[in-house]
Amino acid sequence: MTHHRLKNTTYGVIETICGCMYSGKTEELIRQIKRCEFAKQKYQVFKPQIDKRYSETEVSSHNQDRIPSIVINEPNEVYQHLKHNTRVVGIDEAQFFEKGIVDVITKLANHGRRVLVAGLDTDWQGLPFGSMPEILAVSDIIHKQYAVCMVCGDAATRTQRLVNSQEDILVGSFNIYEARCREHFDPQLSLRRKFEDQQELNL
Ligand code: ADP
Ligand code: TMP
Ligand code: MG
């Protein structure tokens with residue numbers, strides 16, 4: 001991933017890391033944030049209240065990598081916490097934020113910050129997720145990550161929901177979702193799956 005030096009620059013940059021679940025978005029976000037320590041750049045990381053899977057306060061990968069984060073409900077809350085000397089702003093699970101997130105990250109970048117955004121690009125139906133299409137549209141740099149298809153081992157770009165739910169937001173990880181390639185992604189599977197099947201499969 002490109003490394004940006006922001007010293008002496010007025011404008012920042014929006015870098016977005018996208019892909020399906022398990023594609024390593026959070027790991028990459030954490031890796032980039034840890035590099036900031038070597039560059040002696042102050043950073044702050046935010047995540048939406050909704051994601052409490054592994055930790056209430058930390059950004060945490062499926063592999064248990066973690067860094068402290070500030071939990072917010074609304075995108076505008078970033079400003080309440082933002083320190084004047086913060087050069088890098090990380091945001092995980094960006095798909096869960098409402099559209100106001102686009103304005104917030106744009107302003108941060110216009111005021112010289114490097115904004116590192118990580119988010120799920122498509123939902124359980126394979127459709128663009130939440131604010132991600134707009135975030136991708138205003139990004140300067142986009143990194144698309146791939147997971148491994150749990151059916152065939154090819155590169156996975158989709159997130160297969162394994163349980164019966166039609167909710168757009170259903171927080172979870174293993175047992176609820178797995179990574180799949182385009183060929184093996186089946187959005188109807190979640191609709192077909194009955195409660196009894198779920199019990200049988202111990203899901
Ligand atoms: P994301 O934030 O994109 O969901 P994470 O960075 O939290 O992903 O986790 C990535 C890790 O998930 C990988 O390093 C790997 O250990 C684990 N993992 C579990 N299932 C898969 C899969 N199908 N393909 C790739 N990695 C997987
Ligand atoms: P991840 O990309 O870091 O693995 O996290 C994605 C989160 O999004 C996880 O909590 C599951 C959730 N999710 C939904 O709420 N709806 C969906 O349609 C999908 C695919 C995931
Ligand atoms: Mg993640």
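Two strands count as paired here when DSSP finds at least two bridges between them. With that in hand, welcome to a set of close-ups of a predicted model.

**Figure 1. The whole chain at a glance.** The chain holds six helices and twelve strands. Of its 203 residues, 36% are buried. Among contacts with a separation of 6 or more, 76% link residues that are 24 or more positions apart. The close-ups below pick out some places where such parts of the chain meet.

**Figure 2. Strand β7 and its two partners, β1 and β6.** On one side, strand β1 (residues 13–19) runs parallel to β7, and seven bridges join the two. To find your place along this pair, look for Gly19, which sits opposite Leu120 of β7. Strand β6 (residues 88–91) is also parallel to β7, with four bridges between them. Here the landmark is Gly90, opposite Leu116 of β7. Between β6 and β7 the chain passes through helix α3 (residues 100–110), giving a right-handed β-α-β crossover.

**Figure 3. Strand β7 under cover.** How many of the seven residues of strand β7 are buried? Seven of the seven residues, 114–120, are buried, so the strand is largely enclosed by the rest of the structure. Both faces of β7 are covered. Arg114, Leu116, Ala118 and Leu120 are buried on one side, and Val115, Val117 and Gly119 are buried on the other.

**Figure 4. The largest nonpolar core.** This core has 41 residues, and Ala94, Ile105, Val115 and Val117 are those with the most contacts inside it. At least two core residues come from each of β1, α1, β2 (43–48), β6, α3, β7, α4 (132–138) and β12 (177–180). Here is some background for this picture: nonpolar side chains tend to be buried together in soluble globular proteins. Zoom in on Ala94, and you will find Ile101, Val117, Ala118, Gly119, Ser131, Met132 and Ile135 touching this residue, leaving aside residues up to four places away in sequence. Val117, one of these contacts of Ala94, is also among the core residues with the most contacts.

**Figure 5. Asp92, a charged residue in a loop.** Asp92 belongs to the loop between β6 and α3. Is Asp92 buried or exposed? The residue has 27 C-beta neighbours inside 10 Å, so Asp92 counts as buried. Leaving aside residues up to four places away in sequence, Asp92 touches Thr26, Leu29, Val45, Lys47, Val59, Ser69 and Ala118. Pro48 is 44 residues apart from Asp92 along the chain, yet their C-alpha atoms are separated by 7.7 Å.

**Figure 6. The shell around ligand 1.** Which residues come nearest to ligand 1? Of the 15 residues around this ligand, they are Lys25, Thr26, Glu27, Ser61 and Ala147. The shell has six nonpolar, seven polar and two charged residues. Helix α1 (25–38) and strand β9 (147–148) each supply at least two residues of the shell, and α1 gives the largest share, three residues. Thr26 also appeared in Figure 5, as one of the residues touching Asp92.

**Figure 7. Gly24, in the loop between β1 and α1.** With 20 C-beta neighbours inside 10 Å, Gly24 counts as buried, because the cut-off for buried is 20 or more. Gly24 and Asn63 are 39 residues apart along the chain, and their C-alpha atoms are separated by 9.2 Å.

**Figure 8. The shell around ligand 2.** Of the 16 residues around ligand 2, Met21, Asp123, Trp124, Thr159 and Val171 come nearest. By class, this shell divides into seven nonpolar, three polar and six charged residues.

**Figure 9. Two loop residues with positive phi, Gln64 and Asn175.** Gln64 is found between β3 (58–60) and β4 (66–68). Its phi is near 75°, a positive value in a residue other than glycine. Gln64 has 8 other C-beta atoms within 10 Å, so this residue is exposed. Asn175 is in the loop between β11 (158–161) and β12. Although Asn175 is not a glycine, its phi is positive, at about 80°. Asn175 has 12 other C-beta atoms within 10 Å and is exposed, because the cut-off for exposed is 12 or fewer.

Technical notes: Residues are numbered from 1 along each chain as its sequence is written. Chains are lettered from A and ligands numbered from 1 in the order in which they are written. This is a predicted model: local features need pLDDT of at least 70, side-chain atom pairs count only at pLDDT 80 or more; totals for chains, interfaces and linings use all residues. A crossover is right-handed if, with the strands pointing away from the viewer, the path from the first strand over the helix to the second runs clockwise. A residue is near a molecule or strand if its C-beta atom, placed from the backbone, lies within 6 Å of it. A nonpolar core is a set of buried Ala, Val, Leu, Ile, Met, Phe, Trp, Tyr and Cys residues joined through C-beta atoms within 7 Å. Two residues are in contact if their C-beta atoms, placed from the backbone, lie within 7 Å.
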